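Reader: Could you walk me through this model before I start looking at it on my own? I'd like to ask things as they come to mind.

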Amino acid sequence: MDAIDLARWQFGIITVYHFLFVPITIGLSALVAGLHTAWYRTGQQKYRRMTQYWGKLFLINFAIGVVTGIVQEFQFGMNWSAYSKFVGDIFGAPLAIEGLLAFFLESTFLGLWIFGWDRLPKKVHLASIWLVAIGTQLSAYFILAANSWMQWPRGYTYNAASGRAELHDFGAVLTNKVALATFPHTIAASFLTAGAFMLGIALWHLLRRPGQHGSIFRPAVKLGAITTLLAAVALIVTGDIQAKIMTDTQPMKMAAAEALYDTSSPAPFSILTIGSLDGSKEVWSLKVPHGLSFLATSTWSGKVEGINDLQKAYEQRFGPGTYKPNVPLTYWTFRFMILSGVLAAAIALLALWLLRRQRMTPSKWLIRAALAVPLLPLLGNSLGWIFTEMGRQPWIVFGLMKTSDGVSPSVGAGSVLTSLIVLTLLYGVLAVVEVFLLLRFAREVPAETTPSDPEAAEPAFLY
Amino acid sequence: MALTDIWFLLIAVLWTGYLVLEGFDFGVGMLLPVVSRDAIDRKVTLRTIGPVWDGNEVWLLVAGGATFAAFPSWYATLFSGFYLALLIILVALILRGIALEYRGKIDDPTWHRRWDIVIVGASAVPALLWGVALANIVRGVPMGADHEYAGTFFTLLNPYALLGGVTTLLLFALHGAIFLALKTHGEVHDRALKVVPPIGIATVVAAAGFLGWTQAFDGSWITWTLALAAALCLVGGLAASWLGREGWAFLGTAATIALATATLFTTLYPNVLPSTTDAAFSLTTINAASTPYTLKIMTWVAVIFTPVVLLYQGYTYWVFRKRLGRSDIPAPVQKATV
């Protein structure tokens, strides 16, 4: 493999790994802030215990999200220096603002929340965790604005003299319609992830030891399940908006998502297809008539452009070359992304129903569902990003710069391979440690304490 | 003042903030086995930086992001050029963050001991390598007209840069020792004070050599003044520590790091990365910069939000201003396991 392939693998591995932790952080910080608020307002001990319990799991997860985020910022310069030079005038700004507005807020107030348990006025302590939660969302917004510029560049002019894209309207970058659609979709996915995380662990506790700690795990199952369900509805709504915007801004990505080779009106949506390896011929397919037309254009018989026609149009516009992304990959990541969200929501609905009917009796299948439900959104998030980024290929900036032109000219394959191996091994070890800690703490339950207990003030997550 | 100059200054300020703040938490990490004899000492030591180290590290992320936004060519050439060195730093920072966060999560001596080794090593490595990197930036690197780095990993390991690395390593260790003396009482405090004189003397020698050598490249009366002021603050800080004035001593080492960084950036200006191949190929504040429009937006954002950040970070230090001792470490809470 040469440097370009290695750099792409590295970006994929490092970014997907980082994004396993980010959505849990975004969603769970808000849920923990909500529990802390409930404790503040009611003074009930069950809410204090819940805040501590989920707070601790949040922190274990947050730590890996932070340290792997450092690599994200530097790998643009390390592996993609030609890209960095070409777009730095535009792409660097949201990144720098993300640091100044969001990272400082998150890290500083998280320190205050962890260590300020018995030292801060109660209101300030509560405000700290809310500021952390707000920081995570701000961070998501700015990074998605930067990414959306790569999907659908706005507010720039190409300067032939300097050979780079130059910013002329920062407002257009921040209000890019792709960013405005992607942000709520990503936040909804984050709440689905955090809700399913809470639901899965709490359900597991309830099923294993029905009599014990029900006072904190029963409400957690409810909160987790309701969060998951609401997030699933939000995901469908925002995903639908996003699909229509994608059809308009990146028609090739939409065509690849359906493996639609010929322009059709109406276009059906295939739930699954058995076909040739490159997806160009189908053997058998289960189709929803008019489905894609509706998804893409909000009309039942709207015209959806096919891959072959788009390829011809792009050749005329950008010159010879292939402008097709990897079709089977986009086709299947798109479907499994949706499926994993639907399954998580189904388990949430089941859990809620069982809770209402007082039917929380342990069965092998229920315990398996409890273990699976936190993993489903993680899979869905990863597949969603792989679809979004692979669907843009061969472009690094859609219509403006090819991925193969963005790589660092002075970095050899040996260096990229070294960092790929080092970081992958390191991340592998971190994953083992993280899972070990999460499992250990997921099993552990904070002791019941009275407010007069001196230890009650000491949270279990200090150094 | 041109916008490009303002951004050169702002990036210098961000690096100064980073080195002054993370400098002491690197120092505390490196000195962990020196100032502590048992598990409680180690908890006291780590808790001095517990609430703040993550916020300190964000200064680096903002410095990196600001370089990307304001001087994209500098960011691109530097980070692709210093590839392997930067990789080592990143690995160390990852391990360090994880070690600091995960160490206290399980109350088990073996678990603690393993993470302690990581904390010491992963604090020392970046403390050394940031000095090496900064020295190479100031001295310049082989670079052609295409502004691509033309050296190898070993080009970076020249005597001048290595001396720079030793200087930051020692300076951060000293800064950390004085911070610990300021933030603790009891045994940890006494041991921290005890290591100040030997590290202090070594730091004076290394720093004098490094800043003197820097002047030999491109000294002006301004850089000489800054270097001398740095030296005075270092000696003053050591004297204050000798007299038991720990607050002044900490201000002294903080000012030393700030002035030394100022010396380096002033020497560098108006270049951002000089070329040792031919001065005409150097990256400067002009040819590496973003457009005036981007710089203007970034300036507004920085002017509005930097004071806010300083305010709440300052508040954190105020909240945790109390000196820590062994009596502040509670007995482990018994937890139910199901």
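Author: What follows is a conversation about confidence, helix packing, individual residues and backbone geometry in this predicted model.

Reader: Let's begin with confidence, then: what is the mean pLDDT of chain A?

Author: The mean pLDDT of chain A is 88, and 95% of the residues in that chain reach 70 or more. Over residues 451–457 of chain A, however, the pLDDT is below 50, and this stretch has 11 contacts in the model beyond near neighbours in sequence. Where pLDDT is low, the predicted coordinates should not be read in detail.

Reader: And which elements of chain A have the lowest and the highest mean pLDDT?

Author: Strand β7 of chain A, residues 444–445, has the lowest mean pLDDT among the elements of that chain, at 76, whereas helix α4 of chain A, residues 122–151, has the highest, at 95.

Reader: Okay, on to packing. At what angle do α1(A) and α2(A) pack?

Author: Helix α1 of chain A, residues 3–42, packs with α2(A) at an angle of about 150°, and their axes are 7 Å apart. An angle over 145 degrees counts as roughly antiparallel, and α1(A) and α2(A) are therefore roughly antiparallel to each other. Their crossing is left-handed, and the residues of the contact divide into 20 nonpolar, 17 polar and one charged.

Reader: What about α2(A) and α3(A), how do they pack?

Author: Helix α2 of chain A, residues 45–79, and helix α3 of chain A, residues 81–115, pack at an angle of about 155° with their axes 11 Å apart. That makes α2(A) roughly antiparallel to α3(A), and the crossing of these two helices is left-handed.

Reader: Which residues meet there?

Author: From α2(A) the contact includes Phe58(A), Leu59(A) and Phe62(A), and from α3(A) it includes Phe91(A), Leu95(A), Glu106(A) and Leu110(A). Taken together, the residues of the contact of α2(A) with α3(A) divide into 10 nonpolar, six polar and one charged.

Reader: Now Val132(A): which helix is that in, and is it buried or exposed?

Author: Val132(A) lies in helix α4 of chain A, and with a relative accessible area of 0% it is buried. Leaving aside neighbours within four places in sequence, Val132(A) is in contact with Phe58(A), Glu106(A), Phe109(A) and Leu110(A). Among these, Phe58(A) belongs to α2(A), while Glu106(A) and Leu110(A) belong to α3(A).

Reader: Changing chains, why does Glu22(B) count as buried?

Author: Glu22(B) counts as buried because its relative accessibility is 0%, and buried means under 20%. The residue is found in helix α1 of chain B, which covers residues 3–35. Apart from neighbours within four places in sequence, Glu22(B) is in contact with Gly17(B), Trp53(B), Asn56(B), Glu57(B), Leu93(B) and Arg96(B).

Reader: And how about Thr110(B), buried or partly exposed?

Author: Thr110(B), which lies in helix α6 of chain B, is partly exposed, with a relative accessible area of 31%. The C-alpha atoms of Thr110(B) and Ala133(B), which are 23 residues apart along the chain, are separated by 35 Å.

Reader: Back to chain A for a moment: how many residues of α8(A) are buried?

Author: Eight of its eight residues are buried, so α8(A) is mostly covered; they include Lys253(A) and Glu258(A) as well as Met252(A) and Met254(A). Just after α8(A), Ala259(A) takes a positive phi of about 55°, and this residue is placed in the loop between α8 (251–258) and β3 (269–275) of chain A.

Reader: Where in chain B is there a residue with a positive phi that is not a glycine?

Author: One of them is His147(B), which has a positive phi of about 60°. His147(B) is placed in the loop between α6 (109–139) and α7 (159–183) of chain B, and at 18% relative accessibility it counts as buried. Most residues other than glycine have a negative phi, and most peptide bonds are trans.

Reader: Then where should I look for cis peptide bonds?

Author: In chain A, the peptide bond from Gln393(A) to Pro394(A) is cis, with omega near 10°, and Pro394(A) is placed in the loop between α13 (375–390) and β5 (395–397). In chain B, a cis peptide bond joins Tyr269(B) and Pro270(B), with omega about 0°, and Pro270(B) lies in the loop between α10 (246–268) and β1 (271–273).

Technical notes: Residues are numbered from 1 along each chain as its sequence is written. Chains are lettered from A and ligands numbered from 1 in the order in which they are written. This is a predicted model: local features need pLDDT of at least 70, side-chain atom pairs count only at pLDDT 80 or more; totals for chains, interfaces and linings use all residues. Side-chain values use heavy atoms; hydrogens and water are left out. pLDDT is the predictor's confidence in each residue, from 0 to 100. Helices (H or I, at least four residues) and strands (E, at least two) are DSSP runs, numbered from the N terminus. Contact means heavy atoms within 4.5 Å. Axes are lines fitted to C-alpha atoms, for helices over the stretch in contact, and angles run from 0 to 180 degrees between N-to-C directions. Angles under 35 degrees count as roughly parallel, over 145 as roughly antiparallel, 65 to 115 as roughly perpendicular and the rest as oblique. A crossing is left-handed if the near helix is turned anticlockwise from the far one by less than a right angle, and right-handed if clockwise. Ala, Val, Leu, Ile, Met, Phe, Trp, Tyr, Cys and Pro count as nonpolar, Asp, Glu, Lys and Arg as charged, and the others, Gly among them, as polar. Buried means under 20% relative accessible area, exposed over 50%, partly exposed in between (1.4 Å probe, protein chains only).
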